[in-house]
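User: I would like to learn how to read the features of a structure step by step. Could we begin with the surroundings of a ligand?

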Amino acid sequence: MSHAGTAQQTAAPLLEIDGVTLQYKTSEHLVTATRNVSFQVYPSDRFVLLGPSGCGKSTLLKAIGGYLNPVAGSIRLKGREITEPGPDRMMVFQEFDQLLPWKTVRQNVEFALHASGRLRGAEMRERAEHYIAMVGLAKFIDSYPHTLSGGMKQRVSIARGMAMEPDVLLMDEPYAALDALTRRKMQDELLRLWDDTRFTVLFVTHSIEEAVRIGTRILLLSPHPGQVKAELNSIPESELGTASQSALEARINAMLFSH
Ligand SMILES: Nc1ncnc2c1ncn2[C@@H]1O[C@H](COP(=O)(O)OP(=O)(O)OP(=O)(O)O)[C@@H](O)[C@H]1O
Ligand SMILES: [Mg+2]
C-alpha cells in the first residue's frame, strides 16, 4: 500500500516514543496505562492512535504533552527529551469547554500567543485573525464562547492550537461529542487545513472510520494496558469512499479483535 503522505522515511523523526510505560499511582492501586509503546512521528504525518476505551490513548497524549513522565522508556521531540509542557506541543481536547468563557474568540486565540510569549501587538492580532479565518470563524471573531455551537467552539480550539504553530498538534478525540454530520464536516476541514500548511498532527480516536479518513499512519493499540498491535499506512484521500477504504477498515477491525 502506498504512503499517503510525503517522503517521510528519509527525514529525521520529529517525535520518538521509545519503549514507553505509563502508570498512575493512586492511594490503593498502581494502574499501568500503556506498556512498552514505541512509535515515531515524522514531519507532516497525520498520525492516529487507535484503540478501545481505556487502552491509554489519552494517557499517551498527556505524556507527550509533558503532563506525565514515563516510568520506563523515553519521549523525544526533535531529539530532546520531553519533561514538561511547552508551546511546541498544543493540545485540543474532546470537551467543548476548553475556552476562557469571559474572553471572545479573538481574545482566546491572542491570549495563548501572548501568555506563551510567542507574539505581541500587531503581529499577534494578525496571526489570530489569520487562523480564525482559516477555520471559517471570521464573522464570529468578537463573539463569546457561550454564543457558539459545539462545533464552532472546537474550531476555535483548533485555531488557537494552530496559531501557536507548534511542532505537533495533539488532538484527543476532538470530534467525539459532535453529531455525525458536523463531525464529518470537521474531518474534511482538518484535511483542507492540512493541505494548506502540512502541520504535524497526532490524533486520538476510537473510530476506525475516523482513523482511516484522518490518518496518513495508524497505530493500533491493544486493550488495557495499551501495547502496540500494529502500525499501518492509511489510504490517500482520493481512495476514500472506494473499495480500498472498506478493505482497510475490515483489516483494522480484524486486527483489533484478534488475540
Ligand atoms: N488520573 C488517573 N488515575 C488513575 N488511573 C487513570 C487515570 N486516568 C486514566 N487512568 C486509567 O488508565 C487507563 C488508560 O486511560 P486513558 O484515559 O488513557 O484511556 P483512553 O484510551 O484514552 O480511553 P477512552 O477512549 O475511553 O478515552 C485506564 O485504565 C484508566 O482507568
Ligand atoms: Mg481518552
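Analyst: A residue is near a molecule or strand if its C-beta atom, placed from the backbone, lies within 6 Å of it. Here, 14 residues surround ligand 1, and the closest are Tyr24, Ser53, Lys57, Ser58 and Thr59. This is a predicted model, in which local features need pLDDT of at least 70 and side-chain atom pairs count only at pLDDT 80 or more, while totals for chains, interfaces and linings use all residues. Residues are numbered from 1 along each chain as its sequence is written, and chains are lettered from A and ligands numbered from 1 in the order in which they are written.

User: Which elements give two or more residues to the shell around ligand 1?

Analyst: Helices (H or I, at least four residues) and strands (E, at least two) are DSSP runs, numbered from the N terminus. In this model, β2 (30-41) and α1 (57-65) are the elements that give two or more residues to the shell around ligand 1. Of the elements, α1 gives the most, with three residues.

User: How is the shell around ligand 1 divided by class?

Analyst: Ala, Val, Leu, Ile, Met, Phe, Trp, Tyr, Cys and Pro count as nonpolar, Asp, Glu, Lys and Arg as charged, and the others, Gly among them, as polar. By these classes, the shell around ligand 1 holds nine polar, four nonpolar and one charged residues.

User: In what order do the four strands of the open sheet with antiparallel pairing stand?

Analyst: Two strands pair if DSSP finds at least two bridges between them. The four strands have the order β2-β1-β4-β5. Its edge strands, each pairing on one side only, are β2 and β5 (80-81). Strand β1 (residues 15-25) joins β2 in the antiparallel sense over eight bridges, and tyrosine 24 stands opposite valine 31 in β2. That tyrosine is also among the closest residues to ligand 1.

User: What is the strand order in the open sheet of six strands?

Analyst: The order is β6-β7-β8-β3-β9-β10, with mixed pairing. The edges are β6 (89-92) and β10 (228-233), each of which pairs on one side only. Angles run from 0 to 180 degrees between N-to-C directions, and axes are lines fitted to C-alpha atoms, for helices over the stretch in contact. With direction ignored, neighbouring strands of this sheet are turned by 15 degrees against each other on average. Strand β7 pairs in the parallel sense with β6 over four bridges, and four bridges also join β7 to the parallel strand β8 (residues 201-205).

User: Is β7 enclosed or open to its surroundings?

Analyst: A residue is buried if 20 or more other C-beta atoms lie within 10 Å of its own, exposed if 12 or fewer, and partly exposed in between, with C-beta atoms placed from the backbone. Five of the five residues of β7 are buried, so β7 is largely enclosed by the rest of the structure. Val168, Leu170 and Asp172 are buried on one side, and Leu169 and Met171 on the other.

User: Where do the domains lie along the chain, and how many residues make their contact?

Analyst: Domain bounds come from an automatic or database domain assignment. Domain 1 comprises 12-88 + 168-259, and domain 2 comprises 93-165. Their C-alpha centres lie 24 Å apart. Two residues are in contact if their C-beta atoms, placed from the backbone, lie within 7 Å. The contact takes 13 residues from domain 1 and 12 residues from domain 2. On the side of domain 1 that touches domain 2, β7 and α5 (180-197) each supply at least two residues, and α5 has the largest share, three residues. That side divides into 10 nonpolar, one polar and two charged residues.
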